[in-house]
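Colleague: Could you walk me through the charged pairs in this protein, and tell me how each label was earned?
Modeller: Gladly, let's look at it together.

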Amino acid sequence: MVVPLIATAPPAPLPPPLLPCPAEAGWEVVAGARLPRRGADGAQLGGYSAASYDSHRDGLLLLSDAPRGRVDAWSGVRQLGRVPLRPLFRLELKGSPQAPLPEEIDAEGLVVVGERLWVASEGRRSAARPAQLLAFDRSSGVLQRATPLPADWQPAPGQGLGANQGPESLALLRRPGRTDVLLMAAESPLRQDPPAQVRLLGWSLEPTGPKPRALARLAIPAGEGWGLTDLLVVDAPGPSPALLALLRRFQAPARWQVLLAHYPLPGEGADPGAVLEPLQQWDLIAAGLPPDNWEAMTPGPDRADGRPTLLLAADDNFSPLQDNHLALLAPRRSAPCPPNR
């Protein structure tokens, strides 16, 4: 008996990583827009400090650092710059008797995992405004769990996070067959640490709750005012993912600097005191990004030419001198780069 051969389709090519190729090619600002300062009901909009984009639904969640925290949902990112974004809903973050929320929080980092919103809140070195990892129900906005940061991040004489110095970032590290990990970095060096390096923390999302572990330190530019405002894990050529960090500096009266840095992701058993230097840095203002307070990033929709994109959002600080900017960046790719690199 002759067994007929069954034709099998070749494996689908891997999507290109969200990195320029070669790295020196840099980034292209392909679209931009400003969001309104007021909603249809007259409510003030802004303070956007973190973002999460769902490409399947073309839905964008923007986390506001309004006093109690809020998530605004928008649609229309695929047509950014051509058609105004459409507001979908507003989700107010709130506490419950089982999990009370401080009178004011400074919501700065956002990761969506299933029906839960994980939020990093920035502290003020006070019991009334602690830095925490917060978990909210995605549908109701009700706080489910508040987890304090590790002891060496806590305020004490000569140690801990500075007031209004983080954490501002939160990213999801997801690997097949492994427990999800949230990555969090301090905005600025802890008081007991040397300058120009910030701590990277990994929160393992165990069934009993998030468990923190020191991972490494990230080298940031030297000079007063530099801080790390967001993190993102992306695929990269090779066996390990890449870690992107958004770095920002403000110098009075009105000078902004914004860098995007690519770091190696620390492996299992890495020395938590090791300082990781960036593999590459890109000046995003030189690439065409408007000078402003850029604080949020998330993967955006793919371009028609197949390139992935990075969506950035700026925090206007509810100031008339700043804007609720959105910008879509695509990695430049030159001819020698294969499509799956």
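Modeller: One thing up front: this is a predicted model.

Colleague: Good to know. What makes E28 and R307 a salt bridge?

Modeller: Their side chains come to 3.2 Å, N to O. The rule asks for a Lys or Arg nitrogen within 4 Å of an Asp or Glu carboxyl oxygen, so the pair qualifies. E28 sits in strand β1 and R307 in the loop between β19 and β20, so the bridge ties together parts that are 279 residues apart in sequence.

Colleague: Why is R307 called buried?

Modeller: R307 has 12% relative accessibility, and buried means under 20%, so the label fits.

Colleague: And why does E28 count as partly exposed?

Modeller: Its relative accessibility is 25%. Partly exposed covers what lies between buried, under 20%, and exposed, over 50%, so E28 belongs there.

Colleague: How do you know that R217 and D193 form a salt bridge?

Modeller: The closest N and O atoms are 3.4 Å apart, and the cut-off is 4 Å, so the pair counts. R217 is in strand β13 and D193 in the loop between β11 and β12, so parts 24 residues apart in sequence are tied together. R217 is buried at 16% relative accessibility, and D193 is buried at 12%.

Colleague: Which residues are joined into one network by salt bridges that share partners?

Modeller: Those are R34, R37, D316 and D323.

Colleague: How many salt bridges does the rule give?

Modeller: The count comes to 17.

Terms used:
Residues numbered from 1 in each chain as written. Predicted model: local features only at pLDDT ≥ 70, side-chain atom pairs only at ≥ 80, totals over all residues. Heavy atoms only, no water. Helix = DSSP H or I, 4+ residues; strand = E, 2+ residues; numbered from the N terminus. Buried < 20%, exposed > 50% of the residue type's maximum accessible area, 1.4 Å probe, protein only.
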